[in-house]
Amino acid sequence: MVAVTDVPSLPRVLLIGDSISMGYTLPVRTRLQGLANVHRPLENCGETARGVKSLDAWLGMGHWDVIHFNFGLHDLRLDDGKHQVPLPDYETNLRTIVQRLQKTGARLIWATTTPVPDAEVKPPRRSADVIAYNAAAARVMTESGIPIDDLYELAQPRLGELQLPANVHYTLPGYNVLGHQVAESVVRVLD
């Protein structure tokens with residue numbers, strides 16, 4: 001990832017998320033070229049606990065018009081049989097993150113966590129956990145009036161086509177599909 005030099009007349013968009021969002025950042029930038037300046041932290045944003053600690057640094061000093069964000073794949077990761085961030089803590093952390101993001105005045109968009117394949121992946125993750133974590137996030141976003149970009153529903157029926165085998169990551173065409181939907185969700189709130 002590289003930093004973006006803004007075109008001053010265009011709105012500023014911030015993508016926050018894990019390696020999945022890193023994969024779709026370039027397709028989003030391509031789709032929104034001439035429509036918006038698309039930024040993202042230069043690092044994998046990881047789990048919600050990291051998000052709570054790092055959000056101010058990621059937001060920086062600039063004004064954001066739209067923030068498209070996601071956390072989940074790292075939170076539900078299993079370390080010695082335990083989630084990196086247990087589900088109740090995930091929900092609490094999301095509420096903290098949402099409150100901080102709302103203070104920016106940006107229009108917010110939540111992206112659901114993408115599916116985990118029914119295969120042994122490293123580090124371990126379970127499909128059922130993605131559903132549970134997405135449900136918790138949906139509660140928080142619905143209560144907060146934040147629109148949801150449902151990347152899970154987009155990818156789930158097409159995993160064999162879009163996702164790498166036995167991996168949570170996507171092929172280049174898969175990232176293009178995800179990026180197209182992310183860009184369209186941003187365009188909707190910019191209009």
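Is D79 buried, partly exposed or exposed? D79 is partly exposed, with a relative accessible area of 32%. On this scale, buried means under 20% relative accessible area, exposed means over 50%, and partly exposed is in between (1.4 Å probe, protein chains only).

Welcome to the structure. This is a predicted model, in which local features need pLDDT of at least 70 and side-chain atom pairs count only at pLDDT 80 or more, while totals for chains, interfaces and linings use all residues. Residues are numbered from 1 along each chain as its sequence is written, and side-chain values use heavy atoms, with hydrogens and water left out.

## The sheet

Let us begin with the strands. Helices (H or I, at least four residues) and strands (E, at least two) are DSSP runs, numbered from the N terminus. Two strands count as paired if DSSP finds at least two bridges between them. Five strands, in the order β2-β1-β3-β6-β7, make an open sheet with parallel pairing. β2 and β7 are at the edges with a single partner strand each, so one side of each has no neighbour in the sheet. Strands of a sheet pair through backbone hydrogen bonds, either parallel or antiparallel.

Strand β1 spans residues 12-16, and 5 of its 5 residues are buried. In a regular strand the side chains alternate between the two faces of the sheet. In β1, R12, L14 and I16 are on one side, V13 and L15 are on the other, and all of them are buried.

β1 has parallel partners in β2 (residues 37-39), through 3 bridges, and in β3 (residues 66-69), through 4 bridges. V13 stands opposite V38 in β2. From β1 the chain passes through helix α1 (residues 19-31) to β2, and this β-α-β crossover is right-handed. Right-handed here means that, with the strands pointing away from the viewer, the path from the first strand over the helix to the second runs clockwise. In β3, L15 has H68 as its bridge partner.

Next comes β6 (residues 107-111), where 4 of the 5 residues are buried. β6 runs parallel to β3, joined by 4 bridges, and F69 has W110 in β6 as its bridge partner. W110 also stands opposite I148 in β7. β6 and β7 (residues 148-149) pair in the parallel sense over 2 bridges. The chain travels from β6 through helix α4 (residues 127-144) to β7 in another β-α-β crossover, and this crossover is right-handed.

## Helices against the sheet

Which strands does α1 lie across? Helix α1 lies across β1, β2, β3 and β6, and runs at about 160° to β1. Helix α3 (residues 87-102) packs on the sheet and touches β1, β3 and β6, with its direction at about 155° to that of β6. Contact means heavy atoms within 4.5 Å. Axes are lines fitted to C-alpha atoms, for helices over the stretch in contact, and angles run from 0 to 180 degrees between N-to-C directions.

In helix α4 you will find N134, which is buried at a relative accessible area of 11%. Not counting residues up to four places away in sequence, N134 touches T112, T113 and Y152.

## Salt bridges

Side chains of opposite charge can pair when their charged atoms come close. A salt bridge is a side-chain nitrogen of Lys or Arg within 4 Å of a carboxyl oxygen of Asp or Glu. A search of the whole structure finds 10 salt bridges, including the three in this table.

| Pair | N to O distance |
|---|---|
| D6 and R12 | 2.6 Å |
| R100 and D56 | 2.5 Å |
| D79 and R77 | 3.1 Å |

R100 lies in helix α3 and D56 in helix α2 (residues 48-59), so their salt bridge ties together parts that are 44 residues apart in sequence. R100 is partly exposed at 28% relative accessibility, and D56 is also partly exposed, with a relative accessible area of 49%.

What about the salt bridge between D6 and R12? Here D6 is partly exposed, with a relative accessible area of 28%, whereas R12 is buried at 18%. Elsewhere, E91, R95, R139 and E143 are linked in a network of salt bridges.
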